[in-house]
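Reader: I'm new to reading protein models, and I'd love a close look at one part of this one. Could you walk me through the place where the ligand sits, and then show me how the pieces elsewhere are packed?

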Amino acid sequence: MKISIVGTGYVGLVAGACFANNGNNVICIDIDKEKIEILKKGITSIYEPGLNKMVLDNVVNGNLQFTTNIKLAVENSDIIFIAVGTPPSDDGSPDLRYVFTVAKDIGKYMNEYKVVVNKSTVPVGTSKNISEIIQNELRKRNSGIDFDVVSNPEFLREGNGIKDFMEPDRVIIGCADDRAKDIMTKLYLSIVLQDKIICMSNKGAEMAKYASNAMLATRISFINDISNLCDILGVNVEEVRRGMGSDKRIGDLFLNSGIGYGGSCFPKDVKALMEISNKNNYNMLLIEAVEEVNKNQKKIFIKKIIEYFKNFNQTLNGKIFAVWGLAFKGETDDMRESPAIVIINELLNSGAKIICYDPQAIKEAHKIFENKVGYGTDKYSILKDADALLILNEWKEFKEVDYNIVNLNLKNKVIFDGRNIYTLKDMIGKDFDYISMGREPIYNCRE
Ligand code: NAD
């Protein structure tokens with residue numbers, strides 16, 4: 001099928017590469033000229049496992065093209081996806097201007113029937129707005145060309161984008177028209193079986209996306225609340241998770257305690273839901289608490305560091321902290337709303353010095369911290385002379401660690417693990433203290 005995808009970020013690029021890999025003819029469009037020039041050479045602008053090869057293969061075989069020319073893309077495709085950002089405005093509501101700009105361009109250049117598919121996360125009613133904007137543009141040029149607007153929210157996780165896109169739990173197709181529904185079903189049947197395709201109204205699809213992200217964020221805040229009580233009562237939260245998660249009604253996914261969720265989706269979508277409900281004179285009390293608990297987790301982590309050093313009558317002033325993990329989670333380079341930003345800034349404000357390492361996020365970190373922190377090129381070298389190691393995300397390479405090298409390099413022998421990446425059993429008897437979340441501290445060194 002002839003497809004164009006407007007917005008070549010984490011969602012647009014993964015979707016474009018996957019559709020092209022399945023034999024479709026795909027044009028990816030972005031306003032960022034630099035990004036498009038690099039992509040034309042088959043080099044990806046973001047880190048996503050397996051994406052580089054998939055993009056290169058499909059550029060070479062001609063299935064995948066990149067351009068900044070939206071007119072060309074609209075004219076030459078039957079299905080046009082909108083996959084631009086919907087960042088939060090100052091009041092937390094999603095900024096829809098990028099979506100609406102694209103809708104206007106589509107209306108301007110539409111030359112025959114098109115299926116316009118919105119993949120960006122948007123409030124209920126946005127598909128109707130998109131439809132009106134396109135209609136308005138068509139009216140300006142006295143055109144009666146027919147089109148349909150489909151809401152097709154995306155559920156991929158960064159770091160697992162290709163697998164999630166190619167093996168989704170479900171594909172939601174929100175639309176009122178049978179012709180568009182059939183075209184979308186045909187497209188997705190090259191990826192999933194029919195029973196994974198859920199058709200519904202546009203409004204239902206738009207709300208299902210926010211509700212899904214809010215539910216996942218709720219699970220994380222829920223386990224963090226439990227984890228904080230575990231800390232007080234001396235209970236191991238991992239045991240609680242196992243006990244809870246083995247109940248089929250609950251399951252154990254998204255029940256990892258730590259320093260809270262971040263990234264470009266959960267924080268923004270939780271805030272958006274709150275704002276949308278407030279605007280409609282309804283207070284989502286549960287969602288407000290989810291956000292509050294999440295904010296608090298970073299403070300709890302920092303408090304653990306302060307308390308530890310207080311025991312030696314020391315403050316954080318002048319301390320050197322080695323940080324493993326800057327991106328909002330492992331296996332990605334995305335630092336949007338990363339808990340590491342809040343924690344590092346707080347430590348800097350307390351007079352501490354930071355040297356950090358992340359397998360993929362250093363380039364992004366430079367833009368945020370500039371020269372306020374030091375940067376390392378590997379996980380072990382930054383430990384030299386550090387007063388503690390802080391683990392802020394769960395990259396696989398942090399889990400696979402040589403404890404002897406850690407021990408040899410750390411000046412002061414303590415690890416603060418904000419993601420519980422090691423088991424307590426593994427930490428007993430090591431030559432450093434180990435402080436984690438919702439689990440009793442292990443003092444191997446401290447008296
Ligand atoms: P992103 O910021 O990575 O990419 C958006 C891209 O759109 C950028 O490259 C930007 O230059 C481009 N753009 C903006 N205006 C444009 C225009 N007028 N024409 C062409 N290109 C334009 O965003 P993302 O993370 O891919 O997210 C896109 C949407 O998908 C958001 O609504 C987000 O909430 C949702 N979503 C994201 C994820 C995720 O994991 N990142 C998962 C599911 C859903």
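Author: Happy to help; we will begin with the ligand, then move to a loop residue and two helices. Keep in mind throughout that this is a predicted model.

Start with the shell around the ligand. There are 25 residues around the ligand, and Asp-30, Lys-35, Thr-86, Glu-158 and Lys-268 come nearest. By kind, the shell divides into 10 nonpolar, 8 polar and 7 charged residues. Two helices to look for are H1 (10-21) and H5 (97-109), each of which supplies at least two residues of this shell.

Now zoom in on the oxygen atoms of the ligand. The side chain of Lys-35 has an N or O atom 2.5 Å from an oxygen atom of the ligand. A polar side-chain atom of Thr-86 lies 2.6 Å from a ligand oxygen atom. With Val-11, it is a polar backbone atom that is 2.9 Å from an oxygen atom of the ligand. On its own, the ligand has 840 Å² of accessible area, and the protein covers 89% of that.

Val-11 leads us to the next stop, since Glu-154 touches Val-11, along with Lys-119, Phe-165 and Lys-209, leaving aside residues up to four places away in sequence. You will find Glu-154 in the loop between strand E6 (147-151) and helix H7 (161-166). Is Glu-154 buried or exposed? Its relative accessibility is 10%, so Glu-154 counts as buried, the cut-off being under 20%. The side chain of Glu-154 makes a polar contact of 2.8 Å with the side chain of Lys-119. The Glu-154 side chain also reaches the backbone nitrogen of Leu-156, at 2.9 Å.

Next, try helix H10, residues 237-245, where the buried residues are Val-237, Arg-241, Met-244 and Gly-245. Looking down the axis of H10, you would see these buried residues within an arc of 90 degrees, so they line one face of the helix. Arg-242 and Gly-243 are exposed on the other side of H10. Helix H9 (202-233) is included in what covers the buried residues of H10. At the N-terminal end, Asn-236 caps H10, with a side-chain oxygen 2.8 Å from the backbone nitrogen of Glu-238.

Finally, visit helix H13 (residues 339-349). Its buried residues include Ile-341, Ile-344 and Leu-347. The buried residues of H13 pack against several elements, among them helix H12 (285-310), strand E9 (320-324) and helix H14 (362-369). Just after H13 comes Gly-351, with a positive phi of about 90 degrees.

Notes. Residues numbered from 1 in each chain as written. Predicted model: local features only at pLDDT ≥ 70, side-chain atom pairs only at ≥ 80, totals over all residues. Heavy atoms only, no water. Near = heavy atom within 4 Å. Polar contact = N/O pair within 3.5 Å; in protein donor to acceptor, adjacent residues only side chain to side chain. Areas by Shrake-Rupley, 256 points an atom, 1.4 Å probe, with all protein chains shown as cover. Helix = DSSP H or I, 4+ residues; strand = E, 2+ residues; numbered from the N terminus. Nonpolar A, V, L, I, M, F, W, Y, C, P; charged D, E, K, R; others polar. Buried < 20%, exposed > 50% of the residue type's maximum accessible area, 1.4 Å probe, protein only. Arc of directions from axis to C-beta. Contact = heavy atoms within 4.5 Å.
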